[in-house]
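Me: I should be grateful for a close look at one helix of this protein and at what surrounds it. Please explain each term as it arises.

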Amino acid sequence: MSNSSNLIYEADCFSFRPEFQTEILVACIQSPMFINKIGLLIESKFFENSSFSIIHSGIKKYFQTYKSLPNKINLLEFIPEKFVNENIKDIVENLYQYRFLDSNETNFISDKVKTFIQHQAMKKAIIESFPLIQDPDGYDEISAKIKDAMSIGTDITDIGIDAFD
């Protein structure tokens, strides 16, 4: 039997098709509500394509710094120079040329990504809880980890208040 204290949480990549992952990035640059509600919860390493990870990281850093959506020039400035290559530039260009996503599309993307993020948070909480099971005083910490995982993605918009209206 393996030692449970050796378990390490490793995030899964999105299992979504590449086209859907593109739409996640498009939603991040088109919708302030999406980036604020979902995009900031996404870990860049969730993307299968390393270029998408780099671009998402730049979008996220820009939004966290300026609380607004980056234009393509500013986005490229937020990507470390050593990662900016023709592939990254082409992807960024395509993201900004992409058709506008309507609210139904961004809601669908939000739901799918939120579920994925919640599953990752629960997986992490469970794995991190294994060593605590042996400790009688560890159950409060286990409970807190599970509650935190279950609350991922819930915010004021889930109780009917839209901060962007």
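Reply: The following account begins with one residue, widens to its helix, and then turns to the core and the salt bridges.

This is a predicted model, in which local features need pLDDT of at least 70 and side-chain atom pairs count only at pLDDT 80 or more, while totals for chains, interfaces and linings use all residues. Residues are numbered from 1 along each chain as its sequence is written, and side-chain values use heavy atoms, with hydrogens and water left out.

The starting point is His-56, found in helix α3, which covers residues 50-66. Helices here are DSSP runs of H or I with at least four residues, numbered from the N terminus. His-56 has a relative accessible area of 0%, and is therefore buried. Buried means under 20% relative accessible area, exposed means over 50%, and partly exposed lies in between, with a 1.4 Å probe and protein chains only. The side chain of His-56 makes a polar contact with the backbone oxygen of Gly-39, at 3.1 Å. Such a contact is a pair of N or O atoms within 3.5 Å; within protein, one must be able to donate a hydrogen and the other to accept it, and residues adjacent in sequence count only if both atoms are side-chain atoms. Setting aside residues up to four places away in sequence, His-56 touches Leu-25, Cys-28, Gly-39, Ile-42, Ser-44 and Phe-47, where contact means heavy atoms within 4.5 Å.

The helix as a whole comes next. With 17 residues, α3 reaches 24 Å from its first C-alpha to its last, close to the 24 Å expected at 1.5 Å a residue; the expected span is 1.5 Å times one less than the number of residues. At the start of α3, a side-chain oxygen of Asn-49 reaches to within 2.7 Å of the backbone nitrogen of Ser-51. Just after α3, Lys-67 takes a positive phi of about 55°. The buried residues of α3 include Phe-52, Ile-55, His-56, Ile-59 and Phe-63. Among the elements that cover the buried residues of α3 are α1 (18-30), α2 (32-39), α4 (72-77) and α5 (86-97).

The largest nonpolar core has 30 residues, of which Phe-14, Ile-24, Ile-42, Ile-55, Ile-59 and Val-113 touch the most other members. The elements giving two or more residues to this core are α1, α2, α3, α5 and α6 (103-133), and α1 provides the largest share, seven residues. A nonpolar core is a set of buried Ala, Val, Leu, Ile, Met, Phe, Trp, Tyr and Cys residues joined through side-chain atoms within 4.5 Å. Apart from neighbours within four places in sequence, Val-113 is in contact with Phe-14, Phe-16, Phe-20, Ile-24, Ile-38 and Ile-42.

Charged side chains also link parts of the chain. A salt bridge is a side-chain nitrogen of Lys or Arg within 4 Å of a carboxyl oxygen of Asp or Glu, and a search of the whole structure finds seven. One of them joins Arg-99 and Glu-23 (3.2 Å, N to O). Arg-99 lies in the loop between α5 and α6 and Glu-23 in helix α1, so this pair ties together parts that are 76 residues apart in sequence. Arg-99 is partly exposed at 43% relative accessible area, whereas Glu-23 is buried at 13%. Arg-99 also meets Glu-105 in a salt bridge (2.8 Å, N to O). Through shared partners, Glu-23, Arg-99 and Glu-105 form one network.
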